Amino acid sequence: MPQVALSSHLVETLRNLPERPRQQVLDALEKIHHGQFDGGLRVKKLQSRPSVAVWEARVNQAARLLFTYGRHADRHSQKPVLTAHCWTVVFDHDDVPRVLQRKAFDVPDAMQWIVADEIDACEWAQPPPDNPAADLDAIERDFPETDRWDAYAALSAEYQGTLSAPPENLPWYLESPVAFAEWAEAEEVPAELILSDEQVHLLQEPLPTFLNGPAGSGKTTLALYRLLVIQENDPEADIAFVTHNPRLVAHARDLYAALPLRPEEAAPVDFKTYRELAAETMGMGVSDLQHYQVPTDRLRDFLGRHPLNSAEQQLFATDIRAVVKGMLPLQKTPALDTDVCNLLPRTIYCNEMPGTWSAVPRHKRSAVYRLAEQYQDALRSDNRLDDQDIATQALRRLLSGSKPRRYDALVLDEVQDLTEKQLRVALATLREGARTQMLLAGDPTQVLGGSGFGWRMPRAIFHERGWDPPKPYTLTRSYRASAPTLRLPEALAELLKAEEADVVSLNPDEARATGPPPVRTAPSDAVETTLAEAHPDVLILTNSEEQASRLREAWGHPLVWTVPDAKGLEADHVVLYQLPDRLIDRPGAAPAEREAVRQTNRQTLRMHYVAATRARKSVSVVAEPHPAGSIWTQEAVARTVNTMEQFRAPWAGDPSQEEWRTRADYYRDREHWAPAAECYRKAGNEAWAVLCEWLDAVLTARANGDSITPPTDAPAPWHNDDALTDTQAALLLDYGIGQRDTPLRIRLLRQVGRTDEAEALAAEHAAQTGRWREAAAYYRSHDRLAEAARLYYQGEAWEDAAACYRACQRWARAAQCYRRTNAWLDAAECHRQNKDWEEAAACYAKADAWTEAATCHRTIGAWANAAQCYREAGDDRAAAQCYRRIDAWNRAATCYEAAGDSTWAFVCTTLATHDTPDAVLSTLRHRYDPIPAPVATFLVKRALHEEADTALLAAWLLRCAERDPEAMLRPPVLQTNGTDYAITYNGGGWYEVATWSAEAGVQHEKVQGTARLPDALQPHAESARMQHENEQAAKNSLSF
């Protein structure tokens, strides 16, 4: 069963087809994959020249799928296996011969090797067996049609295959038809997201990874897939994708959003520029940092005011940025914030820095260092920072204990643009233990502006930290341009290699075969006239901003760039306009001088390399070779470039407004505002043209320290659905756009990452416009509960209002809101917290929570209400206890009877029906002797023992309550043989004796003298007499 490979053209076709024909193509692919050559597929071999087996499969009544068989490396084993290479779909089968014959057709250029005269009458009902690339013409020549299949099956192995694999002119996408169906059904899936075999192989390599790759090789694509692999293994991983170029950040974010296979539950990836990462580390917003950061060309402008030639300016600028300002002392890991300075110590730079790191000869380094000091003083006096000052401050902040946001995995793209300080800041954002979860991707060949980058830099940092540095892997194929176009930068890379520079091969032989070779022509009026006619898909690149400005003014359009400014851009056609091309050759120079020469030559070659790799279709060179030695006279370069006496532009025709609009959007999204304005104007979109012109003026004014006001008499394109870039949005905010348009200001704040401000303003705006609940939701999420509760209340969102009031302990308000929604229990709880017991009880009662209601009533002594609630709750005993508290004896008795407590029922009935304590106690003693202790204790607490006239009954009650009657009563009471006695002295020798018995009850007897007292009472007679005398004395003293 062959694997299926689709051309990029067919992948793009699938994505754009309507659903029904797309499914028909996918069905045909599935049958080819499984070898189901049935009557519906009707596979035919086309009669072709040369002897290449080109097959046609029926998609529907009109459409045909064209494919070949060959060998292609298996993804896992990397061994060549049988592969069906599916090239394109022709939607009118009568066009198949013409499509395959003509030179310019709408299928990939690489298919031009397939040439067919007519369709063979032979239909195959089965797929070819073992060697489908064999010479079918030979089989058909040597065997009759009836025996052809058997002969093919038997003898195919003996025939030499005419095609072991198709020309590697395009990336082939190896997947099952099911996977292709998923891709095709996904909306807006760019073809560049489908991995080539080379990328799949590298994707399987373990992290950490150093990834080399030339321009257009798919480094970013591979990095994005790395994100997916990390997310599949750990959906909650916090991942950052960081690169120096904001245009690449936006592009990578868009590509990632287009991936149809992203894990749904994965945490979002944090896409950001290095500047945003540094600003975050410094505790600043990007827009705040912009107020201090100088333009990238400030150092070159500064050096341009000194007597230096162009080569010296470039060399010195490179060393000042990458070494003097961008490096730390060698072999020294900074431990304190004081270890990091704006400038490398003078002695280290001038005397100790090896030539492999600094390209400036030692005898010139003192002069370079003085210039660096002057430049730093100028920045300081203006209160401005360049990118290396920002890296320095970020490092200091990290070393002083600042805790940056930490990531579980980190992808650094275009790492060649980072200096050592910047790289250290980025690596510091990895969490402890996550050092293996990183991918660094870059192309050392494209180093411009002096980052000093080489893979030795991250390797040195790894060694310094005790980590094992990975071996760099390399992507070798560029998909951006044709082979003839790529041969020029490949030749430049070879020259760079001769200058001992790190380079990555482009392998042009594996690129698209067709396309015009680069051409070189001398400067002339005819060339100037051609280039003065602006074209949307042409990049004109020159060396300096001064020359670019002159050309823009002379030609009347802004579509001219310096090479550094064009990094990250690409176009169909690129013009290299009079770039400095001299290569210096000083074989007898001293070693230090030779290194300076090499550095100058490297910069010149890299400038041309970066410029040439911007092209997709053609490169045109306008140059007169330098007489002392030129790039264009080098044999390796000269054989890749055709010389043209009369320049003919490879672009032709007048571009449409749609082409201008497409290119305008391209420049706008990459923050090239002057070219964007020009393209918008030619596209007839004056609103965007005005905005882009204004933004360009803003940058110019800011660089000069001036101010500029926003346009007021032009349409406002930022109100349209078109997206502004982050920098555009930041500038609009800085200059007051949106001050009176709150929704616009909110949108701009969100875009520039000032999310907190945006959400706060959105909440304020929602409150002002009556969207109370929306505003309240914001305040609630930020724990501003009182404001949230107030807004929910205004919006009549009673449940949310109640919850917020409750959370901030505004109990009365919370209860009020709960009552609005009949949430009686919650309302009661809030009333209870606020000690509003009656309200709480009422709410509990509404919720039939009678026990809780009774508790609230008891708290404030509302015993009758409490008793009623207990009765509703079925707790008759508790109800009776409450009735006892208010002497509601009959109701208490009724409740005790209902509770089955006859003792307490009798006690309460007795208290209700007898008037005196003696009657009550006597009745109870006749019924219960002893009475239960809880009952006795209750009666004692009610002081019945003090109110009783009969001491015998009082003593009985105290004994039942487990109290000591002798200690509590006078006269004393004695108990002998079941009979209670009490003695009282009445004066004149008379004693009164009271007795109790169960049969007779209380009996009183008066006797004179102690002799007539019972024997048991005689010992107590004296104490009774003494008590009487004491009482009389007390009365006499009171009378006196």
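Q: What is the strand order in the open sheet that includes strand 16, and is the pairing parallel or antiparallel?
A: In this predicted model, six strands form an open sheet in the order 16-15-17-18-14-19, and the pairing is parallel.

Q: Which strands stand at the edges there?
A: The edges are taken by strand 16, residues 560–562, and strand 19, residues 642–643; each has a single partner strand, so one side of each is left without a neighbour in the sheet.

Q: And how many bridges join strand 15 to strand 16?
A: Strand 15, which covers residues 538–542, is joined to strand 16 by three bridges, and the two run parallel. If you want a position to look at, I540 stands opposite V560 in strand 16.

Q: Which helix packs on that sheet, and what does it touch?
A: That is helix 21, residues 545–555, which touches strand 15, strand 16 and strand 17 (571–577), and whose direction makes about 175° with that of strand 16.

Q: Staying with strand 17, how many of its residues are buried?
A: Seven of the seven residues of strand 17 are buried, so this strand is largely enclosed by the rest of the structure.

Q: How many bridges does strand 17 have to strand 15, and how many to strand 18?
A: Four bridges join strand 17 to strand 15 in a parallel arrangement, with V538 standing opposite H573 in strand 17. Towards strand 18, residues 615–622, there are six bridges, again with the strands running parallel, and there the bridge partner of A571 is A615 in strand 18.

Q: OK, now the sheet with strand 10 in it: what order do its strands take?
A: That open sheet of six strands has the order 10-9-11-12-8-13, with parallel pairing. At its edges stand strand 10 (270–273) and strand 13 (473–474), each with a single partner strand, so one side of each is left without a neighbour in the sheet.

Q: Which helix packs on this one?
A: Helix 10, residues 274–281, packs on the sheet and touches strand 9 (239–243) and strand 10, its direction making about 95° with that of strand 10.

Q: How do strand 11 and strand 12 pair?
A: Strand 11 (residues 409–413) and strand 12 (residues 438–442) pair in the parallel sense over three bridges, and L412 stands opposite L440 in strand 12.

Q: Changing topic to helices, at what angle do helix 39 and helix 40 pack?
A: Helix 39 (residues 876–885) and helix 40 (residues 889–899) pack at an angle of about 165°, and their axes are 8 Å apart. With an angle over 145 degrees counting as roughly antiparallel, that makes helix 39 roughly antiparallel to helix 40. The crossing of helix 39 past helix 40 is left-handed.

Q: Which residues make the contact?
A: On helix 39 they are D876, R877, A879, A880, Q881, Y883 and R884, and on helix 40 they are W889, R891, A892, C895, Y896, A898 and A899. Sorted by class, this contact has nine nonpolar, one polar and four charged residues.

Q: And what about the packing of helix 36 and helix 37?
A: Helix 36 (residues 837–846) and helix 37 (residues 850–859) pack at an angle of about 165° with their axes 8 Å apart, which makes helix 36 roughly antiparallel to helix 37. Here too the crossing is left-handed.

Q: Which residues are in that contact, and of what class?
A: Helix 36 contributes W837, A840, A841, Y844 and A845, while helix 37 contributes W850, E852, A853, C856, H857 and T859. By class, the contact of helix 36 with helix 37 has eight nonpolar, two polar and one charged residues.

Q: How many residues of helix 45 are buried?
A: In helix 45, residues 951–960, eight of the ten residues are buried, so this helix is largely enclosed by the rest of the structure. The buried ones are L952, L953, A954, A955, W956, L957, L958 and C960. Just after helix 45, E962 takes a positive phi of about 60°.

Q: And helix 17, is it mostly covered or mostly open?
A: Helix 17, residues 420–427, is mostly covered, since eight of its eight residues are buried; among them are the charged-class residues E420, K421 and R424.

Q: Zooming out, how many helices and strands are there in the protein chain?
A: The protein chain has 47 helices and 23 strands, and buried residues make up 53% of its 1040 residues. Among contacts between residues at least 6 apart in sequence, 63% join residues at least 24 apart.

How values were computed. Residues numbered from 1 in each chain as written. Predicted model: local features only at pLDDT ≥ 70, side-chain atom pairs only at ≥ 80, totals over all residues. Heavy atoms only, no water. Pairing = 2+ DSSP bridges. Contact = heavy atoms within 4.5 Å. Axes fitted to C-alpha atoms, helices over the stretch in contact; angles between N-to-C directions. Parallel < 35°, antiparallel > 145°, perpendicular 65-115°, else oblique. Left-handed = near helix turned anticlockwise from the far one by under 90°. Buried < 20%, exposed > 50% of the residue type's maximum accessible area, 1.4 Å probe, protein only.
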